[in-house]
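Q: Please take a close look at one part of this model, the largest pocket, and describe what lines it and where it lies.

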Amino acid sequence: MDRMDLLLELWELIFQRLCLNDIMNFRATCRSWQKAADAIFSSQLPFMLSLSLGSPNNFGSLSVPWSNHYSTVLTEKWPREIDSSSYNKVFLVQGWLVFNLFHYELVKGQTFSELLFFNPFSRARFKLPKLFLFYEGWCHYQVRVAFNSAPPGSEEFVVAFLIVVCKVYNLIGPEHRKQRLAFIRFKQGSWIESIETDELFYDIEVHDNNKLYGLTFKHGTSVVFVFTLGDNHGDDHVVERLVMLNTIEEGIDFSKLLLSDEFFKRSHQMVMDTSTGELLIVRHLRSRCYDTEGFTVFKLDRKNLKWCEVFDIGDRFLFWDYTKVSLVSAKGLRLAERFKRGNCIFFCHANTPLCPYQPQYRYNGFKEYDIGVFFLADRTISHFLISSSLPISRWNMWFSPAP
């Protein structure tokens with residue numbers, strides 16, 4: 001065992017006796033202590049990040065829901081470019097927050113989107129070039145952003161952007177809605193916008209640096225489009241159209257796509273296993289009060305054109321929130337005994353509306369939200385009790401710190 005291994009083990013013993021707030025203060029002391037704290041963070045499951053959108057002086061709270069005392073309030077201020085009226089969606093990718101900023105140029109009647117990347121730990125930030133969306137303003141929209149597995153800001157980093165808009169709520173004919181699908185390779189520095197399709201995509205995923213998957217539903221079945229991405233604006237993006245022979249129960253109601261992102265709760269989300277190229281769909285089962293009742297997982301069988309239900313995802317975890325679903329390997333992580341086998345889905349839905357007749361359960365100062373873990377093996381749910389003193393917002397997502 002070398003000195004670094006011994007040092008990390010000693011740090012872990014120390015951190016086990018500290019609350020998260022103390023660890024964050026410890027991390028801010030010097031660069032070597034920051035490195036030690038980040039090494040411990042990288043060996044743990046993701047945190048739950050609850051953004052404080054109405055407060056400019058604190059960023060939100062960071063917590064580990066399965067450990068009641070393990071939480072802290074992040075006192076860093078928001079980036080100057082961010083305020084509640086300048087963006088409509090927050091995403092996360094590898095420890096970076098991604099804000100979608102809309103810009104409307106009144107004189108030209110043009111709407112643009114700009115993605116701002118911000119690392120709340122390092123305070124680093126960068127923007128992507130503006131992407132032209134549409135002429136005139138549009139009332140209702142859905143935005144999806146997908147990323148490959150390359151580090152944000154690296155030359156290999158790829159971002160795909162999907163927006164579906166309509167002028168009139170609940171009218172989904174071609175004369176009432178538009179879609180924009182584009183992607184950018186960071187090293188090239190400009191958006192490639194030549195992906196043209198009449199299909200209305202529900203979700204997108206990126207694999208490696210040249211594959212883009214789009215999910216849509218037509219005539220009672222699901223269709224997966226696989227785009228092979230070119231390098232230039234004039235390239236034809238080769239597309240493979242996979243019409244599935246079976247569909248997932250309770251398909252997508254596309255009229256619900258036209259609600260704004262603030263209120264829309266996705267029932268299906270795609271996730272890519274970047275190590276194998278395996279494409280999964282995770283379906284959220286919920287009550288009419290939006291409380292979680294369970295999940296089902298399906299794998300794309302490209303050879304037989306079927307969605308195959310998966311009952312065991314092995315030593316992996318799925319982390320679900322309303323912005324995305326991510327896949328995390330259990331290998332190399334320090335885990336509580338009940339999580340060591342993997343094969344479970346963590347979820348955080350503190351923003352779900354409760355029915356009028358449904359009480360907000362409290363146990364000795366702890367409150368039960370729709371936050372917990374679903375075990376695929378026996379299809380049971382264990383809810384986490386969150387301290388009533390911890391600020392929980394409608395923007396809750398799973399967060400793995402990046403140095």
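A: On a 1 Å grid over the protein atoms alone, a pocket is an open set of points with protein on both sides within 12 Å along at least five of seven lines, whereas a cavity is a set of points where a 1.4 Å probe fits but cannot get out; lining residues have an atom within 4 Å of a point. Grid points are joined across faces, edges and corners, and a volume is the space filled by probe spheres set on the points. This is a predicted model, in which local features need pLDDT of at least 70 and side-chain atom pairs count only at pLDDT 80 or more, while totals for chains, interfaces and linings use all residues. Residues are numbered from 1 along each chain as its sequence is written, and side-chain values use heavy atoms, with hydrogens and water left out.

The largest pocket has a volume of about 1,200 Å³, and its lining comprises 44 residues, with Gln94, Lys324, Ser326, Leu327 and Val328 nearest its centre. Of the lining residues, 24 are nonpolar, 13 polar and seven charged, where Ala, Val, Leu, Ile, Met, Phe, Trp, Tyr, Cys and Pro count as nonpolar, Asp, Glu, Lys and Arg as charged, and the others, Gly among them, as polar.

Among the elements that each supply at least two lining residues are helix 3 (31-41), strand 4 (87-93) and strand 22 (325-329); helices (H or I, at least four residues) and strands (E, at least two) are DSSP runs numbered from the N terminus. Because domain 1 (1-43) and domain 2 (44-51 + 84-248 + 264-399) both give residues to the lining, the largest pocket lies between them, the domain bounds coming from an automatic or database domain assignment.
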